[in-house]
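Please open the structure in your viewer and keep the selection panel at hand. The stops below say what to select next and what is there.

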Amino acid sequence: MSEGDEWELVIPSNLGYGAQGAGGGAIPPNQTLVFTMRLVEVVQEAPLGPPPQIASTAIEGVVETILVEGTQRVEPGSVISYMALRQGTPYDPVAADQSLKTLFDTGLFADVRMNWDGTMLTVRVVENPIINQVVFEGDQALSEEDLGEEVQVSPRMVFTRARVQDDVQRIIELYRRSGRFAATVEPTIIQRPQNRVDLIFEINEGPTTGVASINFIGNEIFSDNDLRGQIVTTQSAWYRFLSTDDNYDPDRVTFDRELIRRFYITQGYADFRVVSAVAELSPDRTDFYITFTVEEGEQYTFGNIVIESNIEDLVPEVLLPLVLAQSGEIYNAQEVDDSIEALTFAAGVEGFVFVDILPRVQRNFEGRTIEIFFEIAEAPRVYVERVDIIGNARTRDEVIRREFRLAEGDAFNRVLVDRSRTRIRALGFFSDVVITEEAGSEPDRTALRVEV
């Protein structure tokens with residue numbers, strides 16, 4: 001019997017095997033069952049092995065000639081200088097691949113291809129065009145100067161798509177910071193002779209994205225209206241058409257978080273923290289919904305106020321009345337900072353220019369009190385390296401320096417810095433005067449920045 005042969009198997013129904021028909025019913029007696037059977041060969045599949053190896057088609061040999069095609073501005077020798085292969089060396093596919101990547105990384109070429117025939121290596125390049133001019137269309141809310149300072153591309157620069165896409169994101173981010181989250185930017189290029197292009201940023205500024213609502217979660221001591229009064233961002237309203245505080249600005253929201261924290265710690269809630277500040281954009285991209293989640297914690301009062309002086313002539317009993325914080329009052333972190341400034345000023349008046357006042361805080365969780373220890377120690381000697389004056393458009397530097405009580409090379413004195421600020425304000429030329437300290441070229445040097 002061979003594969004494909006058929007035969008019949010006849011079984012009488014009265015053998016008692018309980019035979020059933022196709023429908024499930026019993027076969028009547030004195031009937032026979034006939035089965036047609038066929039012999040089929042079962043072939044077991046061989047287990048999968050490793051894929052067949054593809055024979056290498058790389059042509060070995062020595063690079064006798066390197067031919068560069070397609071260059072317009074770049075010299076062929078410059079192209080070869082970027083490559084890992086050299087004339088007279090054996091051809092190496094790995095070095096050829098590395099050369100290809102290096103040429104692309106230069107940003108000079110839009111396309112690079114190599115062909116090796118056994119003796120000659122042909123390098124075909126397509127140079128990126130040069131930007132002829134950069135144009136902004138559709139910009140009304142922002143000036144071309146602002147946009148030009150933000151983008152990286154400029155005339156006579158090599159055009160690359162990656163750089164242009166980066167600038168598109170920069171422009172969009174600039175519009176978002178001005179409150180326009182629906183702004184879109186589409187770059188367009190116009191081909192010019194000699195492989196030059198005009199780059200046009202087509203801008204659709206879209207409407208100003210306002211703040212529909214500002215909500216707070218977790219606040220029990222102060223209401224939402226109380227907290228809204230502490231932050232800079234405001235909810236959009238028809239009568240605020242002259243204000244931009246109702247436009248969404250992520251930096252402003254970050255500042256609002258700090259303002260809320262400062263408000264709570266001046267009210268005695270030393271454990272307060274802002275858990276999150278979430279801004280959700282509406283589907284039509286015209287409004288934001290801002291939600292602050294806060295944890296208020298418990299309210300504290302001032303415990304003992306102690307001054308520890310490591311300077312013999314600075315007596316704590318004399319300085320203690322200068323401290324604004326008082327035992328039993330509601331804890332106020334701002335009063336601690338103001339007390340440090342008052343103590344520093346008093347030490348400067350007594351002739352101690354180089355002092356360092358550090359507050360140490362001990363918190364009593366059960367009694368809900370905070371004890372403050374002001375430790376006064378001698379600070380490293382610091383000298384004024386330079387005085388930088390910024391913001392004076394009409395007033396000469398000499399007029400401002402004439403009122404300054406410190407000069408380059410003097411020992412730094414905070415009292416004289418404050419006195420200088422007062423004298424400059426007294427001139428009446430400036431709406432505000434801010435003096436900040438910056439690190440100098442040496443650890444014992446400081447630079448004073450006077451912004452008017």
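Which residues form one aromatic cluster? Select F222, F263, Y264, Y269 and F272, which together make up that cluster; rings of Phe, Tyr and Trp (its six-membered ring) count as a pair if their centres lie within 6.5 Å, with planes under 30 degrees apart called stacked, over 60 edge-to-face and the rest tilted.

Before going on, note that this is a predicted model, in which local features need pLDDT of at least 70 and side-chain atom pairs count only at pLDDT 80 or more, while totals for chains, interfaces and linings use all residues. Residues are numbered from 1 along each chain as its sequence is written, and side-chain values use heavy atoms, with hydrogens and water left out.

**The whole protein**

Show the full chain as a cartoon, where you will find 10 helices and 17 strands, taken as DSSP runs (H or I of at least four residues for helices, E of at least two for strands) and numbered from the N terminus. Of the 452 residues, 33% are buried, where buried means under 20% relative accessible area, exposed over 50% and partly exposed in between, using a 1.4 Å probe and protein chains only. If you count contacts (heavy atoms within 4.5 Å) between residues at least 6 apart in sequence, 58% of them join residues at least 24 apart.

**Aromatic pairs**

The structure holds 14 aromatic pairs. Select Y91 and W116 next, a stacked pair with 4.5 Å from centre to centre and 5° between the planes. This pair links distant parts of the chain, since Y91 lies in the loop between α1 (76-81) and α2 (93-105) and W116 in strand β4 (residues 109-116), 25 residues apart. Both Y91 and W116 are buried. Then move to F429 and F430, whose ring centres are 6.2 Å apart and whose planes stand at 80°, so this pair is edge-to-face. F429 is partly exposed, with a relative accessible area of 48%, whereas F430 counts as buried at 16% relative accessibility.

Select Y300 and R363 as well: R363 lies over the face of Y300, at 5.5 Å from the ring centre, a placement that requires NZ of Lys or CZ of Arg within 6 Å of the ring centre and within 35 degrees of the ring normal.

**A sheet and its helix**

Now select β6, β8 and β7, which in that order form an open sheet of 3 strands with mixed pairing; two strands pair if DSSP finds at least two bridges between them. β6 (130-137) and β7 (184-192) stand at the edges with a single partner strand each, so one side of each has no neighbour in the sheet. Strand β8 (residues 196-204) runs parallel to β6 and is joined to it by 7 bridges, and V134 stands opposite L199 in β8. Add helix α4 (residues 161-177), which packs on the sheet, touches β6, β7 and β8, and makes about 25° with the direction of β8; axes are lines fitted to C-alpha atoms, for helices over the stretch in contact, and angles run from 0 to 180 degrees between N-to-C directions.

**Two loop residues**

Most residues other than glycine have a negative phi. Select R156, in the loop between α3 (144-150) and α4, which has a positive phi of about 70° although it is not a glycine. Finish at Q194, in the loop between β7 and β8, where phi is also positive, at about 60°. R156 counts as exposed at 73% relative accessibility, and Q194 is exposed with a relative accessible area of 70%.
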